[in-house]
Amino acid sequence: MSYDISALKVLFKKIFPPKKCIFTVDSNGDGKTDSLLIKALNVIMAMEVPDEIELGGFSTKNFDISTFQLSDYGKMYIDEKPIDVSKEKFDVRSLMDHFSIYHKGDKFTIEDILAGKLAGRIIALGDYLNILISIDQESLSNFKEGKHTFKFESELIPTLEFSFELTKTNLDLKFDPKET
């Protein structure tokens with residue numbers, strides 16, 4: 001079955017503005033770029049984070065890290081190159097240590113989110129959710145100046161694809177969790 005997701009594509013460009021959504025940053029202040037920062041702008045309406053998060057067949061209600069396999073949910077690509085997220089190549093526990101969300105300067109880890117610590121928080125219209133992902137130098141080398149695309153294919157939701165551009169203004173910055 002085919003879906004018209006043109007409105008979703010327009011919404012993605014608003015939430016993730018191509019020149020203002022992806023950054024390479026130094027997250028620990030040692031002068032070396034070590035993370036990706038993804039900025040998501042709330043352009044829809046003020047919303048309260050629910051107690052349980054459900055999206056495309058994923059739910060925090062019955063989440064079990066020991067059986068979770070990201071590749072079961074879909075395939076990811078950066079510039080048409082597959083990102084291997086199989087259990088053999090990708091340690092979910094490592095993701096938990098390398099992934100955090102910031103809202104108005106407050107940090108939330110995956111464990112915090114699963115424990116419901118983000119629940120009840122209001123994400124106002126115009127607020128940013130800053131997603132910080134610590135990655136290795138080899139992976140960071142894929143994020144060079146120029147235009148890029150990220151694609152997520154899944155049977156659970158329509159294919160999501162968005163373009164972004166990296167310029168000197170969003171490469172090798174110092175991460176400030178309080179900055180929006």
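Q: Two strands count as paired if DSSP finds at least two bridges between them. In this predicted model, how many bridges join strand β6 to β7?
A: Strand β6 covers residues 75-78 and runs antiparallel to β7. Within this pair, methionine 76 of β6 stands opposite isoleucine 83 in β7. The number of bridges joining β6 to β7 is three.

Q: Which strands stand at the edges of the open sheet of four strands?
A: The order in this sheet is β7-β6-β12-β13, and the pairing is antiparallel. An edge strand has a single partner, so one side of it is left without a neighbour in the sheet. That applies to β7 (81-83) and β13 (160-166).

Q: What is the average twist from one strand to the next in this sheet?
A: The sheet is open and its four strands pair in the antiparallel sense. From one strand to the next, the twist averages 25 degrees.

Q: Is lysine 151 buried or exposed?
A: Lysine 151 lies in strand β12, which spans residues 146-153. Beyond its neighbours within four places in sequence, lysine 151 is in contact with seven residues, among them Lys75, Met76, Tyr77 and Leu160. A residue is called buried under 20% relative accessible area. Because the relative accessibility of lysine 151 is 14%, this residue counts as buried.

Q: How far apart in space are lysine 151 and lysine 75, C-alpha to C-alpha?
A: The two lysines are in contact, although 76 residues separate them in sequence. Their C-alpha to C-alpha distance is 8.1 Å.

Q: Which residues are linked with Lys151 in a network of salt bridges?
A: Lysine 151 forms a salt bridge with glutamate 80, the closest N and O atoms being 3.6 Å apart. Because lysine 151 lies in strand β12 and glutamate 80 in the loop between β6 and β7, this pair ties together parts that are 71 residues apart in sequence. Lysine 151 also forms a salt bridge with glutamate 153, where the closest N and O atoms are 3.6 Å apart. The residues linked with Lys151 are therefore Glu80 and Glu153.

Q: What is the relative accessible area of glutamate 80?
A: Glutamate 153 is partly exposed, with a relative accessible area of 29%. Glutamate 80 is exposed, and its relative accessible area is 51%.

Q: Which residue forms a salt bridge with lysine 104?
A: Strands β8 and β9 form a hairpin with two residues between them, and lysine 104 in the turn has a positive phi of about 50 degrees. Lysine 104 is exposed, with a relative accessible area of 56%, whereas its partner is buried, with a relative accessible area of 11%. The closest N and O atoms of the salt bridge are 3.8 Å apart. The partner of lysine 104 is aspartate 127.

Q: Which residue in β11 stands opposite tyrosine 102?
A: Strand β8 (residues 99-103) is mostly covered, with four of its five residues buried. Four bridges join β8 to strand β11 (residues 128-134), and the two run antiparallel. The residue opposite tyrosine 102 is asparagine 130.

Q: In β9, which residue is the bridge partner of histidine 103?
A: Strand β9 covers residues 106-109 and runs antiparallel to β8, to which four bridges join it. The bridge partner of histidine 103 is aspartate 106.

Q: Which residues of β1 point the other way from Ile22, Thr24 and Asp26?
A: In a regular strand, side chains alternate between the two faces of the sheet. Five of the five residues of β1 (residues 22-26) are buried, so the strand is largely enclosed by the rest of the structure. Ile22, Thr24 and Asp26 point one way; the residues that point the other way are Phe23 and Val25.

Q: In β14, which residue is the bridge partner of aspartate 26?
A: β1 pairs with β2 in the antiparallel sense over four bridges, with threonine 24 bridged to leucine 36. With strand β14 (residues 173-174), β1 pairs in the parallel sense over two bridges. There the partner of aspartate 26 is lysine 174.

Q: How much accessible area do the residues of the nonpolar surface patch have together?
A: The patch is formed by Leu11, Ile44, Met45 and Met47. Methionine 45 lies in the loop between β2 and β3 and counts as exposed at 53% relative accessibility. Together, the four residues have an accessible area of about 350 Å².

Terms used: Residues numbered from 1 in each chain as written. Predicted model: local features only at pLDDT ≥ 70, side-chain atom pairs only at ≥ 80, totals over all residues. Heavy atoms only, no water. Buried < 20%, exposed > 50% of the residue type's maximum accessible area, 1.4 Å probe, protein only. Axes fitted to C-alpha atoms, helices over the stretch in contact; angles between N-to-C directions. Contact = heavy atoms within 4.5 Å. Patch = residues over 30% accessible without salt bridge, like charges linked within 9 Å, V, L, I, M, F, W, Y side chains within 5 Å. Areas by Shrake-Rupley, 256 points an atom, 1.4 Å probe, with all protein chains shown as cover. Salt bridge = Lys/Arg side-chain N within 4 Å of Asp/Glu carboxyl O.
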